[in-house]
Amino acid sequence: MKTPVRACTKCGSRLSQYNPDPTCGVCSRIPSDLRVPDRAWRDECVQQALADWDFGELLRLLRRRSGLTQVNVRALTGLTQSHISDLENGRKQISGRDAIIDLLNGLGLPADLRILLLTPFNERAQSLTSSTLDPAMPWTATRMVASLEVAVGGPMKRRSVLTAVSGAAISQYILQSAIAPTEALATELHDGTPLTSPLLASLQATTDELRQLDASSGSGKLAHTAKQHLRVLLGLLKTGSYNERLGRRLAAVTADTAIQTGWYTFDGGQHAAASGFFLGALRAAHASGDSRLRAGALSFIAIHGYSVGDPRDAVTAARTGRQSIRDQDAPALHAMLLTRQARGHARLREERHALTALEEAEELCARGSGEDDPHWLYWVNRGEILGQRASCYLELGRPAEAALAFAAARGVLSREEVRTRAQFLSRAATAQMRAGDADAGCLTGQEVLSLVDGIRSARLDDHLQAMLLEAQQHRNAGPVKPLLEQGEAVLRQRALS
């Protein structure tokens, strides 16, 4: 009988069959309270390295100031010991948003020092606090429209990493959305386009149809169309003629469209631009008076937080969203927000909080849809919750349990939502290989590669690259070589399309 493969619950490495413990030898010798002490971060040279984006020097100085070994840093960051050594000696560089964010979160960068990362972009950083976008300014209809016009027109072209580290501003938006009074929307322009209920229904139908297309074929061809649709809505808000009731309905369609436009933009890899849409959508949702839309906008801000920003923003946004719908019979919406919160906790390595949120999400999902659950939340089901649980396990360094959860999810995921299925299965393949089962991981990987043709999604490309990178760690296994060859061919073709 074949001995089952076991993985270290901390780093995910394969355990020897002779090791009865849940952790490998290296991890078992690491103190549970391991961290970079605050005094090390207060060193002037450390802060200069942070401001210079010299992450190799930052690692070297932090270790010297705190007495940590490279093995300790490996446990905190997930980097291999050889990679840490290469970074400190200038032979390699940390590049890419996710890698930088993971490194700094693992090292426990204090919140008050994040501002130092903006040093190279001072002029751009100052533009973020213009009167149009400042969350502390009154939330008026004019400012709501202006913020979305900035997002659509793009006069403020910010580097994506700038948005990823400017968590203080995002937190202000989140908190302000919970306390700002609702703005008046009625306008009676004699020469303005008269707004009618049939026209609003038609505009909402366009947004809904784009959402359906995204679920099946990805967002690659939708962002431009969605922006054009959003421009029409903004034009009506500025020059239309409508009463308060119709104005709020128009703001609701605008919020839903801005959320979707942000999502297509985010899925296309333009993370900074997506943040502008999400924050503008939050303003529009606030103007609509629909707390469910406000929760929806906050849920996408949470995705941005745990994917490319500060995971603490994800937790704050999800909790604020749940608070805003506390009087609604919307178990599916609450469950979705809880999965976003769980992903934030998982990225922060707050395992107990992540699993508690997931358990509550599963209980709420089992209740089915409530009377107040919105029509756009059709995709929240048991498969989605299981997939999010699996993703949390993977981020928590528990690949064997992630593989089991992904296996349970795949049986109930919709086959029509091909993009979503491909993303989950790519992560399932990564989990299987990371847990030591290269054969199963390669079979799942082959299935993923057969699904991706015609799907345009930068996020899916990121998942494919992660899957193939994991496969390279098992290149001696028989089925890995053909997977790598096919995967590289697929990625080359996708880069040209």
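The dialogue below asks why certain terms apply to parts of this predicted model.

Student: What should I know about the model before reading its values?
Tutor: This is a predicted model, in which local features need pLDDT of at least 70 and side-chain atom pairs count only at pLDDT 80 or more, while totals for chains, interfaces and linings use all residues. Residues are numbered from 1 along each chain as its sequence is written, and side-chain values use heavy atoms, with hydrogens and water left out.

Student: Why is the contact between arginine 211 and aspartate 208 called a salt bridge?
Tutor: A salt bridge is a side-chain nitrogen of Lys or Arg within 4 Å of a carboxyl oxygen of Asp or Glu; the N to O distance for arginine 211 and aspartate 208 is 2.5 Å, so the pair meets the rule.

Student: What makes arginine 211 buried or exposed?
Tutor: Buried means under 20% relative accessible area, exposed over 50%, and partly exposed in between (1.4 Å probe, protein chains only). Arginine 211 has 6% relative accessibility and therefore counts as buried, whereas aspartate 208, with 22%, is partly exposed.

Student: Why is the pair of aspartate 329 and arginine 367 also called a salt bridge?
Tutor: Their closest N and O atoms are 3.6 Å apart, so the pair falls within the cut-off as well. Aspartate 329 is partly exposed at 29%, and arginine 367 counts as exposed because its relative accessibility is 56%.

Student: How do you know that glutamate 470, the partner of arginine 434, is buried or exposed?
Tutor: Glutamate 470 has 12% relative accessibility, and therefore counts as buried, while arginine 434, at 31%, is partly exposed. The closest N and O atoms of this salt bridge are 3.2 Å apart.
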